[in-house]
Amino acid sequence: MKSLLKFLTCGSVDDGKSTLIGHMLYQAKLLFADQEKMLKLDSKVGNREGKIDYSLLLDGLMAEREQGITIDVAYRYFTTENRSFIVADTPGHEQYTRNMAVGASFADLAVILVDATQGVLIQTKRHARICSLMGIGHIVLAVNKMDLIRYDKHRFDEIKKEFLSFTADYGLESIEIIPVSATEGDNITKKSSNTSWYEGLPLLPYLEQIDVREDFRNDGFIMPVQRVSRPNHTFRGFQGQIESGAISLGDEIILLPGNESAKIKSIHVADQSTESAISGQPVTIQLDREVDVSRGCVLVKDKDLKIADMFTATILWMDDRELIAGRNYLVKVGTKTLPATVMSIKHKIDINNGKRIQAERLFKNEMAICDISLSENMVFDKFKNSKSIGSFILMDRITNMTSACGTIDHDLRRSTNVVWQNTDISREIRAKQKDQKPLTLWFTGLSGSGKSTLANEVEKRFVSMGKHTMLLDGDNVRHGLNKNLGFKEVDRIENIRRIAEVAKLMNEAGLIALTSFISPYEEDRANARALIGDDFIEIFVSTPLDVCEKRDSKGLYKKARTGEIPNFTGINSPYEKPKNPEITIDTSNISIERATNRIMKQIIKYMKSDQ
């Protein structure tokens, strides 16, 4: 059976990636007759004056053909006498870097192209660093368009030296540098007489003979559970792909994160029963006893994995919206998805030289080292030990779009050293003692909308009813707990995060917590709701901006209009209105007393319906 090589082509825009693979397929006679005929016909109306445009074999989208660029990832399958291949032809434009990262995530080897007339560019370095991040250990640098520099060996050696210099610390297993011409066919499938000074193999023969196999059979057994199969009451099996190691009937395995043990009762590959299975096989495993296992759990044997709720990771940011510490996302590691928070951006990585730079935020296509916390313990490992449970993606909690991909460097010691201490007096006991249901009443709205006044009146009503409360006001909290925070977006996010944590503690104490904060960002309010849970009631004080500005009791709007106060919500900083608040109240043409009555009526109705 022929071995399979999965590789990608990448590099800066217009370096000739699609042309290279297209010409390789053409020279190696790996095209059907109708494909070759169509290529020649399409080339007549192309941009090469009637000459064959080999890139048309890969660039299938109309926009790609019109612009002469690659936008999406194009996968091609082909086989030679010596090997089978899957190639991912990835785009070179910076705006499509996320597509290149998708291609890199599946590959064992990367063919990075460099235009000999341009040399190593920033996008070349970015792609090389992404390949390293994705764990690709084998790289071929194809120095393309050698025909345009008349096959100059001196220029080739300059590019070779520069590339080897900036990849020296990548820890690559192999680097091969080949001079080629994608349009003329030099050194693609056979050696070119134009580069008699080059002593290595042409590109295709090199790809046919390189050994990229990793022997996972001697590693410990790891299988993330994808699905629990229960076709009838007599069978319960756990399905997934074996990521490393091997398993046999009768083997004792550990089920993480629960740390329970059980023995293998049966193994099925597809619909066939077997006595053993190895890395790379999809299997259904049945155990000798009933255990608590669901999607996201991990079956292991002879492998020491981490179980923690915090880790440090290297990430590639792919979202149009910048990353700021404190924002919440969904993290997917293996088959497990959990809410997560980017606690801090420790360093940004300079694409050119790999140096670490201090940064407060991360923009699209930048790389950084971050600390990430999870909502609960998760099973993972360092990326260098296990690619399958050492890599992850971050997803936007609202759109589910992939915001980042990353690799885990290590767990944070405090995640395992700091253990939650259970106490005998619970939230329920404290609430019963006070004869009330703990709630968080989250007042949000513009400055001057009446939030603080309403929150104060509502608290007075509750106290008159004999309830136990605590009001957290935005200005008051900034005199103490949040004194060190400013009004930049990153500070506002941290401000709301702290308040949500304090409100949760108040609820744990059995209290009704009232918070009065502008809290301008929808995502931050959603995070507060997720943290506090079902006892969160959002009260949107929807008083219009013009009314708030007329009130301006503190003179803040006037200062913001003259530029004395930057980042002032409603003037030079946005306020994202709540989409589905439990209560909405406009104080522009209603008295405070009537507004308070309406709010109290709805809160009491909510409290009764929940009893």
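Hi everyone, this is a short walk through one protein structure, from its nonpolar cores to a sheet and some helices. Please keep in mind that we are looking at a predicted model.

Let's start inside. The largest nonpolar core has 41 residues, and the members that touch the most others are Leu8, Ile112, Leu141, Val143 and Leu316. Which elements supply at least two residues each to this core? On the strand side there are β1 (4-11), β3 (84-89), β4 (109-115), β5 (138-144) and β23 (367-380). The helices are α4 (97-104), α5 (122-133) and α6 (153-166). There is also a second, separate core of 31 residues, and it includes Leu256, Ile315, Phe392 and Ile408.

Let me stay with Leu8 for a moment. Leaving aside its neighbours within four places in sequence, Leu8 is in contact with eleven listed partners, among them Ala88, Met100, Leu109, Val111, Cys131 and Ile136. As general background, nonpolar side chains tend to be buried together in soluble globular proteins.

Now to two of those helices, α4 and α5. Their axes come within 10 Å and cross at roughly 35°, and the crossing is right-handed. From α4, the contact uses Thr97, Met100 and Ala101. From α5, Gln123, Arg126, His127, Ile130 and Cys131 take part. By type, the residues of this contact are 4 nonpolar, 3 polar and 1 charged.

Next, have a look at helix α1, residues 17-27. How many of its 11 residues are buried? The number is 9, so to speak of α1 as mostly covered is fair. The buried ones are Lys17, Ser18, Thr19, Leu20, Ile21, Gly22, His23, Met24 and Leu25. They pack against β1, β2, β3 and β4, and also against α7 (203-209). After α1 comes Lys29, which has a positive phi, near 55°.

For a contrast, find Glu81 in the loop between β2 (74-79) and β3. Is Glu81 buried or exposed? Its relative accessible area is 76%, over the 50% cut-off, so Glu81 is exposed. If you would like a sense of distance, the C-alpha atoms of Glu81 and Ala526 are separated by 57 Å, and these two residues are 445 apart along the chain.

That brings us to the sheet. Five strands, in the order β27-β28-β26-β29-β30, form an open sheet with parallel pairing. Which strands stand at the edges? They are β27 (469-473) and β30 (583-585); each has a single partner strand, so one side of each is left without a neighbour in the sheet. On average, neighbouring strands here are turned by 15° against each other, direction ignored.

At one of those edges, β27 pairs with β28 (residues 512-516) in the parallel sense over 5 bridges. One residue to find there is Leu471, whose bridge partner in β28 is Leu514.

Helices pack on this sheet, too. Helix α10 (residues 451-464) touches β26 (440-444), β27, β28, β29 (536-541) and β30, and its direction makes about 170° with that of β27. Helix α13 (residues 522-532) lies across β26 and β29, running at about 155° to β29.

My last stop is Thr515, in strand β28. With a relative accessible area of 0%, Thr515 is buried. Beyond its neighbours within four places in sequence, Thr515 is in contact with Thr440, Leu441, Trp442, Phe443, Leu472, Ile499 and Ala503.

Thanks for listening!

Notes:
Residues numbered from 1 in each chain as written. Predicted model: local features only at pLDDT ≥ 70, side-chain atom pairs only at ≥ 80, totals over all residues. Heavy atoms only, no water. Core = buried A, V, L, I, M, F, W, Y, C linked by side-chain atoms within 4.5 Å. Buried < 20%, exposed > 50% of the residue type's maximum accessible area, 1.4 Å probe, protein only. Helix = DSSP H or I, 4+ residues; strand = E, 2+ residues; numbered from the N terminus. Contact = heavy atoms within 4.5 Å. Pairing = 2+ DSSP bridges. Axes fitted to C-alpha atoms, helices over the stretch in contact; angles between N-to-C directions. Left-handed = near helix turned anticlockwise from the far one by under 90°. Nonpolar A, V, L, I, M, F, W, Y, C, P; charged D, E, K, R; others polar.
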